[in-house]
Amino acid sequence: MVNALQSFMAAANQYGSHPLKEVVEALKKATPTLNKVSYADIDKFVDVLIGKNNGVGACFLLHGKIKRGSEAVADYLQLLTQSKKVIDLINDSEIEYVYEKFSQTFTDLALLYVDNKIPLHGIKILKFAIQKLTRGVNGTITNLHPALLGLCLAANRFDPALEYLNLDAEAIFLNAINGPVLDSQSILLFFYYGGMIYIALEMWEEASFYLQTCVCLPAVSASAIMVEALKKLILVNCILDKNEALPSYRSAALQRASQFKCTTYHAVAASYNEICTKKDLSKIKRKFSLIFNKDGDQLRTDKNTGLVRKVQDHSIFVRTNQLSQVFTRLKLSDVRAYLEFKDEVADPEILVQSLIQKSLINGQIDQRTESVIFAESAKVDIDANQLESAMKNCVELSEVLYKCHQEMNLHPIYLQKSGKKGGASGSNQFAGNMMMEDEGVVAPSKSVQNKVRSSPHYKQAFEIISNHDRLLDELGKPIQIGTVDLADRRRNYIDEKISEFRVPVSGPLSSGYINIMAHRQDKDDEFKVSQLLFEGLDGEFLLYKK
């Protein structure tokens, strides 16, 4: 035993005098011998290495201590103290060399606390370990994140987990690609545990997103984690009244596994849909009871009994809500008969009162007549801050779409392709310097565009432009002319005395818009160009002014 410990300590003592990579390799070779060392000696020499500021060696030895199970957890406060010191000793330059062992050590620590029913004590230390691995960078997931989420689930404490779940999924995957090695099981568990936490909080939309991400990750075969996530996803989608079908990008292997391993859950979804759509309710109203009697053991094994009951309760709510859309007043004694849930609805008054209190239906109970009075529409409380934020998002989205439309309209490749579709009828009209296009992004019809181009002031404008040296130098030759956006009535219109067109143009060198302004004295007169303004990427300048 002494020899085994001496072998490990000899490797650990190379720290500081040898390259770190060699030290880590030596520690990996010496680690298997630790199972021959007594627990007391391992505990003693963890403190010795910590005293020497050798965090790398202490991490390997600490993992050997954690693997002893019940012996280590007997003094869990001492274990936590040593773990915190190891985290503090390992610096950022060393973490990349011991990333795998560091992750394994604290994952096993989390499992040890869960197995011994003290998960609450491990949450804080796991947060410190994650901060060390991510170096304080938000939006990065590691192999330790699922361990932390598992502790939060076991402890029924979700606040620490939410700060790691309220992240952008795209950023998570990008950081996972660019960051340290992240194994596939950790990614699956992160989204699976995240979905379970949101289920516990009854945040159904977020739960559906995390579970769907888990089941739709690329996979050659359907893992047990993906199958369990799919079972919960089917039930959550019932509560959200979503389509049960998975996205087209899900794994084909998962689809095959779904048909054989999720039969019970598909039956629950089918019963829910039949109840909510009132199809032969007299025959299917007891399907949930049959499912619990027939597949109750599987539901308990999967720990989904409570979630199935939630689906059942939601089906009752949907049926009750349908009553509020049909009746304005209904006797409480008739509620059970209309719902056709004789066993499930023990007291209709309690059911209706609970739905009213949760604002799921709008109405009130009249005790005098023992009836429920349904209001025509539910009162919706609008948060001013949420409304302002939503409007701001709409404005920003509108600006993004407008810029996208502008860039598309001015893109030379688009103008060139639309010109080929238009044929030769609109080409080479102005001395070879310009080519007319016949189709655009939002043009209502080709005939309307032809009317615009045949107008006298439009032709006059491009006769002037075709001989404008500065514009030709700015855009290059030939200039391609796009279509007028007739949906934009503010910039493109003709009235009795004023007309304005905004025409996209593009050349080999640049692109922009020609703003054509024309006037006439009387509605029977022809328009005459009064001003031509070029609006380019680098600014604008006047082409012509009468």
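Ile123, Ile125, Leu126, Ala129, Ile130, Lys132, Leu133 and Thr134 are the buried residues of helix α9, where buried means under 20% relative accessible area, exposed means over 50%, and partly exposed covers the range in between (1.4 Å probe, protein chains only). The model is predicted, and local features are therefore considered at pLDDT of at least 70 and side-chain atom pairs only at pLDDT 80 or more, while totals for chains, interfaces and linings use all residues. Residues are numbered from 1 along each chain as its sequence is written, and side-chain values use heavy atoms, with hydrogens and water left out.

## Helices and their buried residues

Helix α9 spans residues 123–134, and its 12 residues reach 16 Å from the first C-alpha to the last, close to the 16 Å expected at 1.5 Å a residue; the expected span is 1.5 Å times one less than the number of residues in the helix. Helices are DSSP runs of H or I with at least four residues, strands are runs of E with at least two, and both are numbered from the N terminus. The buried residues of α9 pack against α6 (76–89), α7 (92–95), α8 (99–115), α10 (145–155) and α11 (159–165), contact being defined as heavy atoms within 4.5 Å.

Helix α17 (residues 263–276) has 14 residues and a reach of 20 Å from its first C-alpha to its last, close to the expected 20 Å. Which residues of α17 are buried? They are Thr264, Tyr265, Val268, Ala269, Ser271, Tyr272, Ile275 and Cys276. These buried residues lie on the same side of α17 because they cover an arc of only 160 degrees around the axis, the arc being that of the directions from the helix axis to the C-beta atoms. An α-helix has 3.6 residues a turn, so residues three or four places apart point the same way.

Two single positions illustrate contacts made by buried side chains. Phe8, in helix α1 (residues 2–12), is buried at 0% relative accessibility. Leaving aside neighbours within four places in sequence, Phe8 is in contact with Leu27, Ala30, Thr31, Leu34, Leu49, Gly57, Phe60 and Leu61; the C-alpha atoms of Phe8 and Leu61 are separated by 8.7 Å, although the two are 53 residues apart along the chain. Ser208, in helix α14 (residues 204–215), is likewise buried, with a relative accessible area of 2%, and with the same exclusion of neighbours within four places its contacts are Leu233, Val236, Asn237, Leu240 and Lys242.

## The sheet

Three strands form an open, antiparallel sheet in the order β1-β3-β2, two strands being counted as paired if DSSP finds at least two bridges between them. Because β1 (329–331) and β2 stand at the edges with a single partner strand each, one side of each is left without a neighbour in the sheet. The twist averages 20 degrees from one strand to the next; axes here are lines fitted to C-alpha atoms, for helices over the stretch in contact, and angles run from 0 to 180 degrees between N-to-C directions.

Strands β1 and β3 pair over three bridges, and the bridge partner of Leu330 in β3 is Val372. Helix α22 (residues 348–357) packs on the sheet, touching β2 and β3, and its direction makes about 145 degrees with that of β2. Four bridges join β2 (residues 363–366) to β3 (residues 371–374), Asp366 having Ser371 as its bridge partner in β3. These two strands form a hairpin with four residues between them.

## Positive phi values

Most residues other than glycine have a negative phi, and most peptide bonds are trans. The table lists residues with a positive phi.

| Residue | Phi | Place |
|---|---|---|
| Asn53 | about 60 degrees | loop between α3 (39–51) and α4 (55–66) |
| Arg135 | near 55 degrees | follows α9 |
| Asn156 | about 60 degrees | loop between α10 and α11 |
| Glu370 | about 50 degrees | turn between β2 and β3 |

Asn53 is partly exposed, with a relative accessible area of 49%, whereas Asn156, at 56%, counts as exposed.

## Cysteines

How many disulfides does a search of the whole structure find? The search finds zero, a disulfide being a pair of cysteine sulfur atoms within 2.5 Å. For Cys214, the nearest cysteine sulfur is that of Cys216, 9.2 Å away. Cys214 counts as buried at 0% relative accessibility, and Cys152 is buried with a relative accessible area of 0%.
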